[in-house]
Amino acid sequence: MKAFGERIADALVEDGVLQAAQLQEVMAQQKSQGGRLLKILLDKGYVTEVDMMVSMGRALGTPPVNLGRMKVPKDVGDLIPRDIAKNHHLLPIAKLENKLFVAMADPLNVVALDDVRNITKLDIIPMITTERMVTDAIANLDAQASQGMEEIVKDEAADIEISESTEDEQADVTASDADAAPVVKIANLMLATVVKDKASDVHLECYEKTMKLRYRIDGALYDYPPPPKSMQNALISRLKIMAHLDISERRLPQDGRIRIKMAGRDIDFRMSFLPCKYGEKVVGRILDKSAIAGSIKEIGMDEDTYKKFSKALDEPQGMILVTGPTGSGKTRTLYNALAELNKPYYNIITVEDPIEYELPGVNQVQIHADIGFSFASALRSILRQDPDIIMIGEMRDQETAHIGVEAALTGHQVLSTLHTNDAAGAVTRLTDMGIEPFLTTSSLSLACAQRLVRRVCNSCKEPAKVSDKLWEQLRLDPKQEAQYTYYKGRGCDRCKNKGYSGRCAVLELIPMTDEIRKLVLQRSSNVEIKQVAMSQGMQTLRMNGILKAREGITTLEEVLGSTMSD
């Protein structure tokens, strides 16, 4: 019979939140170095505590409970002394006649169950949750969380003092922040929620009488309870201090960076402050190094797309362009490509504005346009540094494009991004930027367009009925599509009732074949280039998205909303 940890790990694989290869890697590490299997999975970031909770609950036949989404009555929570609740990582959440429902991080802890039974003299119904949820719920009870932010602020002194921080200081976001001043608690809570809810951005907006707080999760913005208007200036100043910016400047935009330490992880936020009519709008984007998977396949490439992209990466020289609008995952794709190429025998240099993720073993150069250090000037210096691989954050102007093309022609591999709608547009965009067609055909190895679509939640996915209107909009024949099963997410605790969890990329790739080169030399339009590429087997963005919907990875509604018609 398998050990407890292995049973839970198998359940995680069955639920689709852990890959079999990751499990084999961790089991090999456990065999050679020792340690608890489930703890290693959490430490490596392969699964989250919530993933573990849901899968463990299914394997044990114990219902999971999301304490973050419920309000525990104070009289029920007080049935067990705090020291015992904290020691056993549990909390009573409901009482029904002689039954007491108890949320526990370890529902198999018989000692804890006996202690609770002896103290309350009630029948105990265990439910599974996470240690962090228990800790947070206890802290909420102690802090009288039934009060809103406005009431918390009123309990404190009217004048909130914000201490200075040094350049190297890190903001440590922990449960102990409940004892800090309200403005510090709320600032830390805003950033911690980004990590906890797997958001990519936090938006704080100021209006005449209110504030608005929103988080972008899987590409969509969701409203959260905002801080009170009375805290507006103090909260924005606190965030500026954390980002090492000038708190006295409220008329000009400012950009900075915040580094927090949460659950043993160093997490960076790229902060932007924009003056608006009723105050500054603040946007923070998380830059989580653990998001770099180390392989371009992990972003969601199918086998055929992966082979084409890998072939271009294996070339000793040439240029790979990834295109798409802001927020389509272009930069992350390039970082994953660099992580795959990052070998001791390569000299890899990037030029970026800003540097979003730190890659060990890669020399990363930050642009400073205000002092004349542009992409073009940085590239000229980089070419004297004997590079093998160069990553250009974005080809913004003709000079940068010219130097990138010259680098690709002189034995370097160049990776960069462009803002175009499709892969064919990247080819013609180079011509528009003043690159001669014969230089494009000699330097460009691969043009790639990318979009991000939300994944269907594996915990609540179910077959979906597709409407006639959707078939028509996607130009699909319902009779031919009857052989496939399309899915949707019903909504559950794991996906916070959204039906989606995570995102994956849909891509279209145009390798530079002889036929494509002829069209480029003839200065053909991107429409003609796209048609020839499709005749050679290219999947368009929409075709690639529909393929993922057929495989149950995403929904047809996501494909329709994220891609243009072919």
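This is a short tour of the structure, stop by stop.

**Before you start**

You are looking at a predicted model, in which local features need pLDDT of at least 70 and side-chain atom pairs count only at pLDDT 80 or more, while totals for chains, interfaces and linings use all residues. Residues are numbered from 1 along each chain as its sequence is written, and side-chain values use heavy atoms, with hydrogens and water left out.

**Stop 1: the whole chain**

Show the chain as a cartoon. Its secondary structure comes to 23 helices and 19 strands; these are DSSP runs numbered from the N terminus, with helices (H or I) of at least four residues and strands (E) of at least two. Turn the view around: the C-alpha trace spans about 85 × 60 × 55 Å along its principal axes.

How many of the 566 residues count as buried? The share is 46%, where buried means under 20% relative accessible area, exposed means over 50%, and partly exposed lies in between (1.4 Å probe, protein chains only).

**Stop 2: Glu-558**

Select Glu-558, which sits in helix H23, residues 556-562. Is Glu-558 buried or exposed? With a relative accessible area of 12%, Glu-558 is buried. Now add the residues that Glu-558 touches, not counting those up to four places away in sequence: Val-453, Arg-454 and Tyr-500. Here a contact means heavy atoms within 4.5 Å.

**Stop 3: Ile-553**

Step back along the chain to Ile-553, in the loop between helix H22 (541-550) and H23. Ile-553 is partly exposed, because its relative accessible area is 22%. Leaving out residues up to four places away in sequence, Ile-553 touches Arg-454, Arg-455, Val-456, Cys-504 and Lys-548. You may recognise Arg-454, which Glu-558 touches too.

Next, select Lys-461 as well. Ile-553 and Lys-461 are 92 residues apart in sequence, yet 9.8 Å apart in space, C-alpha to C-alpha.

**Stop 4: two cysteines**

For the last stop, which disulfides does the structure hold? There are zero, a disulfide being a pair of cysteine sulfur atoms within 2.5 Å. Select Cys-460: the nearest cysteine sulfur is that of Cys-492, 3.7 Å away, and Cys-460 is in no disulfide. Now select Cys-492, which is in no disulfide either; the nearest cysteine sulfur to it is that of Cys-460.

Cys-460 is buried, with a relative accessible area of 1%. Cys-492 is buried as well, with a relative accessible area of 16%.
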